[in-house]
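Work through the three exercises below with the structure in view. Try each task before you read its solution.

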Amino acid sequence: MIIMAWRKHANGFSRPQAGAEDESPDETSYLRADNNGHSRDADECVSASPMLHHHPAPLLAQEWLIQRHELVFSESDILLGYGGCACIVRGTYRRSQPVAVKLLPPDMLTDTAAKLLQREAYILSLVSRPRHPNIVGFVGTWSGPHGVAGSPLLVTELLDMDLRELCTRSHLTKCAMLGIFLDVSYGLCYLHEQMQPIIHRDINPSNLLVKRLGSSQWRAKIGDFGSANHTSQGSVGSLGGGTELYSAPETLPSTQSEPPAEGITVKADIYSYGVTVLEVVTGTLPEIDSYERCVKRLRSEWPDIHTLVEQCTQARPRNRPTASQVVDLLEQTSTKD
Ligand SMILES: Nc1ncnc2c1ncn2[C@@H]1O[C@H](COP(=O)(O)OP(=O)(O)O)[C@@H](O)[C@H]1O
Ligand SMILES: [Mg+2]
């Protein structure tokens, strides 16, 4: 229902509107919104997002701004996913490129949600130059009072599905799984080895997107940068933000009164990556009570990957491997299995 309602708006807005240019002389103005006068919710979100706090005016380069007439939705465009604070639909960019469009349906459209979507676009722009084959391709953004039903938009390349759906639908061979694990580790290396490393903070199978390469081969890409953040001196990552089951212990507000002295580091992603690998190989959601059983099963089914998961999910961040060490380990595994 919601999707039908906004699609009506979308198609309306996809045509240039009389006088619209005059009413919106500066389509980037939303990116310079100040941080004053937030509701309580918005304040909480800003404090959970140190980058917003320290850089209240993330400016997106002109090259990432999409003109409203460049994006269209048709009746056959489907809802691809429905996350906690946005929905993702299929659209077409510049007449021919199928894309995924993340937007806020009217019942989710709040100031805070809009700011978080703009912030996600900003992070995506940072990790998209140069483009990396294992990071979802960012196409651009478009917002303001003339966005779809007033919602900012975030447009990315269209992939086939997320990793959770793939695991539910198909039986993956070890070779296919290894390819996917390697792809994600390359993507993490790229994020973590930036001059100012970026922590994704929400690595889990629903945020990893896949595209079919061959009959049993997949390319995996890291998506959903809604919780991602910079690590930088004086700006330690904040608690929370991820999906609890996959969250490293040091990131859980329930186990910490305040962030650890060294801050939340890229090693938080390595922990989530380990849990994700465990889930994909065992085909079981590693809930707290079944976690040990899953690990035990993995030891007999695939010893190399068992070792990797054990290392990645160490309680102490410094005992976990770096993304680059994960790549090394997997590259050896792939030749052995
Ligand atoms: N580029 C894409 N191509 C195909 N499906 C996508 C794409 N982006 C997101 N999805 C689908 O939408 C779901 C929610 O997207 P996500 O970005 O994770 O939103 P949220 O921040 O609400 O979790 C994903 O789990 C996936 O199933
Ligand atoms: Mg998500």
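The exercises cover a ligand shell, a sheet and a helix pair in a predicted model.

**Exercise 1. Describe the shell around ligand 1.**

Step 1. Start with the residues. The shell holds 21 of them, and Gly 81, Gly 83, Ala 100, Asp 162 and Asp 224 come nearest to ligand 1.
Step 2. Find the elements. β2 (79-82), β4 (97-103) and β6 (153-157) each give two or more residues to this shell.
Step 3. Sort by class. There are 9 nonpolar, 8 polar and 4 charged residues around ligand 1.
Step 4. Check the domains. Domain 1 (42-157) and domain 2 (161-331) each supply at least three residues to the shell.

**Exercise 2. Work out which strands stand at the edges of the sheet with the order β7-β9-β10.**

Step 1. Read the order. The sheet is open, has 3 strands and pairs them antiparallel.
Step 2. Look for single partners. β7 (161-162) and β10 (217-222) have one partner strand each, so they are the edges, and one side of each lacks a neighbour in the sheet.
Step 3. Inspect one pair. β7 and β9 (residues 208-214) are joined by 2 bridges. Met 161 stands opposite Val 210 in β9.
Step 4. Add the helix. α7 (residues 174-192) lies across β9 and β10, at about 25° to β10.

**Exercise 3. Decide how α7 and α8 are oriented to each other.**

Step 1. Take the geometry. α7 packs against α8 (residues 267-282) at about 170°, with the axes 11 Å apart.
Step 2. Apply the cut-off. Angles over 145 degrees count as roughly antiparallel, therefore α7 and α8 are roughly antiparallel.
Step 3. Inspect the contact. α7 contributes Met 177, Phe 181, Val 184 and Leu 188, while the α8 residues include Asp 269 and Tyr 273.
Step 4. Sort by class. The contact has 8 nonpolar, no polar and 1 charged residues.

Key
Residues are numbered from 1 along each chain as its sequence is written. Chains are lettered from A and ligands numbered from 1 in the order in which they are written. This is a predicted model: local features need pLDDT of at least 70, side-chain atom pairs count only at pLDDT 80 or more; totals for chains, interfaces and linings use all residues. A residue is near a molecule or strand if its C-beta atom, placed from the backbone, lies within 6 Å of it. Helices (H or I, at least four residues) and strands (E, at least two) are DSSP runs, numbered from the N terminus. Ala, Val, Leu, Ile, Met, Phe, Trp, Tyr, Cys and Pro count as nonpolar, Asp, Glu, Lys and Arg as charged, and the others, Gly among them, as polar. Domain bounds come from an automatic or database domain assignment. Two strands pair if DSSP finds at least two bridges between them. Two residues are in contact if their C-beta atoms, placed from the backbone, lie within 7 Å. Axes are lines fitted to C-alpha atoms, for helices over the stretch in contact, and angles run from 0 to 180 degrees between N-to-C directions. Angles under 35 degrees count as roughly parallel, over 145 as roughly antiparallel, 65 to 115 as roughly perpendicular and the rest as oblique.
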